[in-house]
Each structure stands twice: as C-alpha cells, then as structure tokens.
Amino acid sequence: MSKIFACFKSIGAYIPKRVLSNEDLEKMVETTDEWILQRTGIKERRLASEDELTSDIGLKAAKLAIERADIKTDEIDAVICATLTPDFLCMPATACIIASKLGIKNVLAFDVSAACSGFVYILYLAKSLIESGRHKNILIIGAEKLSSVVDYTDRSTCILFGDGGGAAIISQTKNKNEAVMDIQISADGDYAHLLVAPRSRIMYPKDDRTLEYLQMAGNEVFKVAVKTLTNDVMEILRKNGVSSSKIDHFIPHQANLRIIEAVREKLDFPREKTVLTVQKYGNTSAASIPMAMNDAYEEGRIRHSDLILLDTFGGGFTWGSALLYFGGK
Ligand code: ACO
C-alpha cells in the first residue's frame with residue numbers, strides 16, 4: 001500500500017473589524033507611534049467586539065477554510081483548536097464549541113495550549129493523525145481574543161497584541177508534492193515564568209489584579225526567541241536537505257519585526273519571500289501564522305506545491321517549525 005501523507009489543503013482567516021492604532025494607544029498609555037514602530041514594527045492591531053468570543057472568531061476562519069477545501073462539514077473527523085484565550089478556562093474546549101457551531105458531531109475535538117506556537121503544534125498533531133491512516137480531514141484552528149487578557153494600562157504589553165483567527169483543513173494525500181514534509185516542535189518549561197497569561201487562582205488564591213492579565217519579561221523573551229528560532233530553522237532545513245533558496249514563502253510568527261528581521265538576515269531569506277503582517281495585526285499568538293498565510297494566499301502569492309517554511313516561538317517557552325508544500329488550489 002502506498003504511503004499516506006498529510007496535505008495542507010486550505011487556509012482561511014477572520015480579521016476583526018475594529019482597529020486599534022498606535023495613535024489610539026498614545027491616548028491610553030505613555031507611549032508614541034514612533035517608539036512602537038521602531039521597537040516592534042507594529043502600526044495597528046485589530047480588536048474583537050465585546051460580545052465576540054474566541055469560538056466566534058475561530059468559527060468564521062474555519063468556515064472559510066472548509067469552503068476553500070471544497071469539503072462538507074460531515075467529512076471532517078477531528079477538530080483541534082490552539083488558543084491561550086479559550087471561551088472557558090478549563091472546559092468545555094473551544095474546539096468543542098466550534099465543532100458544535102459547525103454542526104460537526106461525534107468526532108474528537110480538543111484544545112491545545114502552546115501559546116504562539118499553538119498552530120504549529122496542532123499542525124504536527126494533525127499530520128500524525130492523518131499519517132496514521134485513522135483520520136481523513138482535520139480542521140485545525142488558531143484563534144485568540146488577546147484583548148481579554150491584555151492590561152491596557154501596561155504600555156510594555158498592550159502595544160503588542162491583537163485579536164483574530166486562522167484555520168486550515170489537513171487532509172490525506174498520496175502525492176508527496178502537496179504534502180507536509182516535516183515538523184519539529186519543542187518546549188522548555190524552565191522559562192515558563194517569563195510569559196504568563198493569566199495566572200490561575202489555584203496557584204495564586206490572593207486577590208491580585210495582575211492575576212487577570214498577560215505579563216511578559218519582553219527583553220528576555222526577545223533574546224531567547226531570536227536564538228531559538230534561528231537554530232530551529234537551520235535544523236529543519238539541514239535535516240531535510242533543503243537549502244533556504246528553495247523556500248518560496250517564509251511565514252514566521254508575527255511578534256516583532258525586529259525578531260523576524262534578525263532571523264531572516266541570519267538565514268539569508270530575501271525580504272520578498274517573507275510574509276509580514278505584524279504591522280497591521282500585531283501579535284495574535286496562535287492565530288498569527290494562519291492569519292499571515294491567509295493574507296499571502298488572498299494576495300495570490302501562495303500557489304499549489306509552493307514550498308513554505310513556518311517558524312514560531314511563544315510562552316512556555318514553546319517553539320517549532322514546519323516545512324510543507326501547499327496543497328490548496
Ligand atoms: N512606549 C514607550 N516606552 C516604553 C514602552 C512603550 N510602549 N514600553 C516599554 N517602554 C520603555 C521601558 O520602560 C524601558 O524604559 P527604561 O529604559 O527607562 O527602563 C525602555 O522602553 C526599554 O524597554 P525594553 O523592554 O528593554 O524594550 P525592548 O526594546 O526590549 O522592546 C518589546 C520591548 C517590544 C516588548 C520587546 O522586548 C519584544 O518584542 N519582546 C519579545 C516579545 C515576544 O516575542 N513574545 C513571544 C511571543 S508572545 C506569546 O507567546 C503570547
């Protein structure tokens with residue numbers, strides 16, 4: 001029997017309407033458009049409306065991915081959502097809520113907590129499940145309502161984050177030229193304390209307002225991120241015998257333009273092959289890579305069989321990279 005591969009069959013995203021610009025933030029905290037642009041490359045980010053939940057954001061992205069994959073919802077046999085802002089803290093999983101809203105029943109549905117690396121983590125899981133032969137079409141979603149955990153009085157974090165969602169359908173294929181080639185993911189919990197959001201009342205029962213919000217030691221995260229991302233990309237390219245000149249699109253996690261530029265320069269990727277959305281969406285954590293990929297897809301830049309490199313880093317610390325041929329139309 002010929003081998004089954006996992007095919008990245010479609011991409012979709014949902015971008016909330018409301019824009020929070022650097023000029024808006026100048027009125028909220030002591031900062032300037034110039035500082036934010038220079039340190040992060042971010043010009044504006046999007047915010048979901050108050051009554052819009054992470055599951056609503058994920059649902060809209062999922063609908064587009066399903067439509068573009070040209071499959072029916074009853075052909076989907078697993079739903080996996082990566083998020084650090086689930087509708088409910090522990091249960092039910094946001095994936096279960098999205099599956100229900102789509103009318104998908106009796107399939108496995110669960111969430112993954114891997115912060116900004118969440119989408120690459122769930123792509124890894126989907127690839128494994130597809131290659132096992134037990135699943136045919138898996139819906140993976142990265143969705144975030146980060147505005148619900150951001151402290152808008154803390155200038156060191158509120159300038160960075162935005163809301164949004166991205167989704168993809170991962171299906172079976174026998175064609176290696178439209179398959180996910182390799183994914184490597186990893187974590188190091190020794191760095192857990194450098195990026196937390198929000199803290200559990202089980203660990204911190206005292207009434208403390210900082211419990212509610214995302215907190216980050218930005219400077220320290222920055223240094224580890226550049227080093228880890230660069231090494232991780234070099235390793236996946238080396239392992240698969242792929243030179244960086246063969247990559248059609250480099251889609252890094254959109255946290256900070258300076259991090260992306262540092263990694264891009266070290267790896268010698270041309271700027272025109274690097275997908276950038278951080279300037280207009282900010283950091284949307286698990287949604288950042290699929291939102292960026294969707295942008296490039298809608299601009300007509302990504303075509304069937306293009307070789308794509310994904311690269312991510314986030315709280316945990318977690319990180320990962322993926323090499324894949326785009327399997328969509
Ligand atoms: N406006 C003006 N000044 C500010 C602001 C602001 N918004 N924020 C901080 N500053 C000040 C600081 O108070 C500090 O002042 P001081 O020197 O008087 O003490 C000065 O600017 C420098 O602060 P740094 O924190 O050293 O600034 P840095 O250049 O490191 O930029 C940033 C901060 C943008 C947060 C950067 O460190 C970063 O991007 N870090 C990585 C973020 C990341 O990648 N996270 C991982 C993924 S996120 C996830 O998993 C959810």
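# Exercises on a predicted model

At 18% relative accessibility, Ser-147 falls in the buried class. The structure used in these exercises is a predicted model.

**Exercise 1.** Find where Ser-147 lies, and state which residues Ser-147 touches beyond four places away in sequence.

*Solution.*
Step 1. Ser-147 sits in the loop that links strand E6 (137-145) to helix H6 (155-158).
Step 2. Buried means under 20% relative accessible area. The value for Ser-147 is 18%, so Ser-147 counts as buried.
Step 3. Leaving out residues up to four places away in sequence, Ser-147 touches Leu-47, Tyr-152 and Asp-163.
Step 4. With Asp-163 there is a polar contact between the two side chains, at 2.7 Å.
Step 5. Phe-161 is 14 residues from Ser-147 along the chain, and their C-alpha atoms are 7.3 Å apart.

**Exercise 2.** Determine how many disulfides the model has, then examine Cys-81 and Cys-158.

*Solution.*
Step 1. A disulfide requires two cysteine sulfur atoms within 2.5 Å.
Step 2. By this rule the count is 0 disulfides.
Step 3. For Cys-81, the nearest cysteine sulfur belongs to Cys-96 and is 10 Å away, and Cys-81 is in no disulfide.
Step 4. For Cys-158, the closest cysteine sulfur is in Cys-116, at 16 Å, which is too far for a bond.
Step 5. Cys-81 has a relative accessible area of 0% and is buried. Cys-158 is also buried, with a relative accessible area of 0%.

**Exercise 3.** Decide whether strand E1 is largely enclosed or not, and identify the strand joined to E1 by 9 bridges.

*Solution.*
Step 1. Strand E1 covers residues 5-14, and 9 of its 10 residues are buried.
Step 2. Strand E1 is therefore largely enclosed by the rest of the structure.
Step 3. The 9 bridges join E1 to strand E7 (residues 163-173), and the two strands run antiparallel.
Step 4. One position in this pairing is Ile-11, which stands opposite Ala-168 in E7.

**Exercise 4.** Describe the surroundings of the ligand.

*Solution.*
Step 1. The ligand is surrounded by 28 residues, and the closest are Thr-31, Arg-39, Cys-116, Asn-219 and Asn-256.
Step 2. A polar backbone atom of Gly-218 lies 3.0 Å from a nitrogen atom of the ligand.
Step 3. An oxygen atom of the ligand is 2.6 Å from a polar side-chain atom of Asn-256.
Step 4. The side chain of Arg-258 has an N or O atom 3.5 Å from an oxygen atom of the ligand.
Step 5. Taken alone, the ligand exposes 1000 Å², of which the protein buries 75%.
Step 6. Elements giving two or more residues to the shell include helix H2 (33-40) and helix H8 (257-267). H7 gives the most, with 4 residues.

Methods
Residues are numbered from 1 along each chain as its sequence is written. This is a predicted model: local features need pLDDT of at least 70, side-chain atom pairs count only at pLDDT 80 or more; totals for chains, interfaces and linings use all residues. Side-chain values use heavy atoms; hydrogens and water are left out. Buried means under 20% relative accessible area, exposed over 50%, partly exposed in between (1.4 Å probe, protein chains only). Contact means heavy atoms within 4.5 Å. A polar contact is a pair of N or O atoms within 3.5 Å; within protein, one must be able to donate a hydrogen and the other to accept it, and residues adjacent in sequence count only if both atoms are side-chain atoms. Two strands pair if DSSP finds at least two bridges between them. A residue is near a molecule or strand if one of its heavy atoms lies within 4 Å of it. Accessible areas come from the Shrake-Rupley method with a 1.4 Å probe; for residues, only the protein chains shown count as cover.
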